[in-house]
Amino acid sequence: MGSQEAQTKKQMTHRTKKSLALLCIMIVVIIAAACYTIFIKPVQNIQQWEYSEQIVQQGTLKSGVTESGTVQFGITSQIYDLDVSTDSDNDEEDEEDNENYLKVEEVYVAVGQRVQEGDKVYQFTQNSINSVRKALTYEKTEAQIALASAQTAYEIGVLEAELSRNETLLDTSLAQTSYDTTIARLSNDMAAKNLEIQQLLKDIYELQCALTEDEYREEKSDIIEAYEDAFESVKNASEDYVTNKVDAAQTFQSAKTAYEQFFSKFDASNQEIQDKIDEVYEIEMEIAYNQQLLEKELLAAQQDLSASTINGEIADVKYQSSLTSYENVLSKAQRELEEATKKLDAFNEFVGDGIVCVEGSGIVTEIGYKVGDYLKNTGTLIAFAKAEEMTVSVDVSQEDVVTMKVGDMVELSFSAYEGEVYRGVIQSITTTATSRNSATISYPVVVSILGDTSLLYSGMTADVTFITEEVENVSYVLRKAIVEENGKSQLYIKSGNAYVLAPVTIGFNNGAYIEVKDGINTGDKYYIRTQVREGGADEK
């Protein structure tokens, strides 16, 4: 029992000591904090200022929309597309025959290597070069021979075609002459017959006129009257008076003779008229017959002429067809020679001294052939990323993209080269919208980087500024140098050994720089004040 009480007292004594120790520690901490607050902290809060000197600049200030993107290389491929095939190749049964193709002897570059224009890429074996050149030269020679043969055949063929055509055209000309002669002959015969009829009708008319003239009618009347009177005198003459009877008989005989002669002449005239009329009928019948004969001969002559004309046209068509055929053969031979010449010239230009060089500068992205390969088909010799074809693609909001157009100039900056400003130009604006989220619609804009891009690499982050506003030939200072107090803009300048605030008039502000219109001039010095604490960080 006594031992338990002693143990209890011992524990209470231990707790009391522990509490006193904690209390002492707390008092020490409070005293240390009070000393820091009263004595140390005021000393640490003593402020100091530094003034960094700047120069007022003059130039152009710009502001715009800035978007971020990554640099991408433009890939350029150097293609092998020579046609070195020949007709002899097509005759070869062995498709694995590589005799007439260039063979790679050495490759000088590798993927990822940076190359300059003119650097070696491939070298071909001299045997393969000689073999291809020999085949192409032989093909050109054959084409030259074929052209010469075609030229000779053309000249001979043209002469023969012209001769054949001229003979046929001569026959046509003779047929035309025969036709014209037939028409002339028959026309002359018809004209002669018509003239003969006209003469007969004229004679008939004259005879008829003679029988109807007044003198003729009077003569007829007198003869008839004399004949009738004489007849009556004979009839009435007295037989007792022989003399009267004889006189009457003589008068009657004389009157009768005159009467008979007159009417004999009258009958002869009528007969002549009738004969001429009959002759006219005969000539008209002859004319009618000759007309039928004329039509028949004209038809035959026309048929001969038509046939001859058709033959002439056919001959001309054959002539033109022959010319076309010979010209086609000649043109084909000329084309084949031109193609063979172009193939040989292109090969010689490509192969040169047997070494192919890169046609630009950049980083190699692809090598199309390796040592021992044959250049049988079209393919990529080398592909490389050209530094001068670098682009940056950024997404621009619909509010900003409407103010842009292809060809607009932009500015680019890279975090890897702080302070360096590159220029670029808008290459394309995609009209299909992209959405990063439901509240933002944007459009891809591709910018081509201008100038020296040798320090840039694919994948670099670029800030692209699309200029929306600018002012030219103005004085400007850093925006952070402006001190705004009581609605006034001021700059720190140095007066003697002191730094004082001077009022200025400001203008255009692009966020980094601000235009100063009055109060300070280009080339003047101004200062940016920076607060410095002893033992601590700077505060501006």
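Okay, let's start with one residue: Glu160 counts as exposed, because its relative accessibility is 51%. The cut-offs here are under 20% relative accessible area for buried, over 50% for exposed, and partly exposed in between, using a 1.4 Å probe and protein chains only. Glu160 sits in helix H3. Its C-alpha is 9.2 Å from that of Tyr319, although the two are 159 residues apart in sequence.

Before I go on, a quick word on the model. It's a predicted one, where local features need pLDDT of at least 70 and side-chain atom pairs count only at pLDDT 80 or more, while totals for chains, interfaces and linings use all residues. Residues are numbered from 1 along each chain as its sequence is written, and side-chain values use heavy atoms, with hydrogens and water left out.

Now the whole protein. We have six helices and 19 strands; those are DSSP runs numbered from the N terminus, H or I of at least four residues for helices and E of at least two for strands. There are 540 residues, and 30% of them count as buried. The accessible surface is about 34,600 Å², with 50% of that belonging to carbon and sulfur atoms. That area comes from the Shrake-Rupley method with a 1.4 Å probe, and for residues only the protein chains shown count as cover.

So what's inside? The largest nonpolar core has 25 residues, and Leu102 and Phe124 have the most contacts inside it. By core I mean buried Ala, Val, Leu, Ile, Met, Phe, Trp, Tyr and Cys residues joined through side-chain atoms within 4.5 Å. Strand S5 (120–124), helix H3 (126–211), helix H5 (242–351) and strand S8 (379–397) each give this core two or more residues. H5 has the largest share, with four. Leaving aside neighbours within four places in sequence, Leu102 touches residues including Tyr80, Phe124, Ile129, Phe347 and Leu375, where contact means heavy atoms within 4.5 Å. Another core lies apart from that one, with 24 residues, among them Val396, Phe414, Tyr422 and Leu456.

Back to strand S8 for a moment, since Thr391 is there. Is Thr391 buried or exposed? Buried, because its relative accessibility is 12%. Outside the four places either side in sequence, its contacts include Thr70, Gln72, Gln427 and Val447.

Next, the empty space. Rolling a probe the size of a water molecule over the atoms shows where it is left. The largest pocket has a volume of about 670 Å³. Of its 23 lining residues, Glu411, Val421, Asn510, Ala512 and Tyr513 are closest to the centre. A pocket here is an open set of points on a 1 Å grid over the protein atoms alone, where a 1.4 Å probe fits, with protein on both sides within 12 Å along at least five of seven lines; lining residues have an atom within 4 Å of a point. The volume is the space filled by probe spheres set on those points, which are joined across faces, edges and corners. Strand S2 (57–80) supplies the largest share of the lining, six residues.

Last, two asparagines. Most residues other than glycine have a negative phi. Asn473, though, has a positive phi near 55°, and Asn486 has one of about 55°. Asn473 is in strand S13, while Asn486 is in the loop between strand S14 (483–485) and strand S15 (488–495). Asn473 is exposed, at 59% relative accessible area, and Asn486 is exposed too, at 79%.
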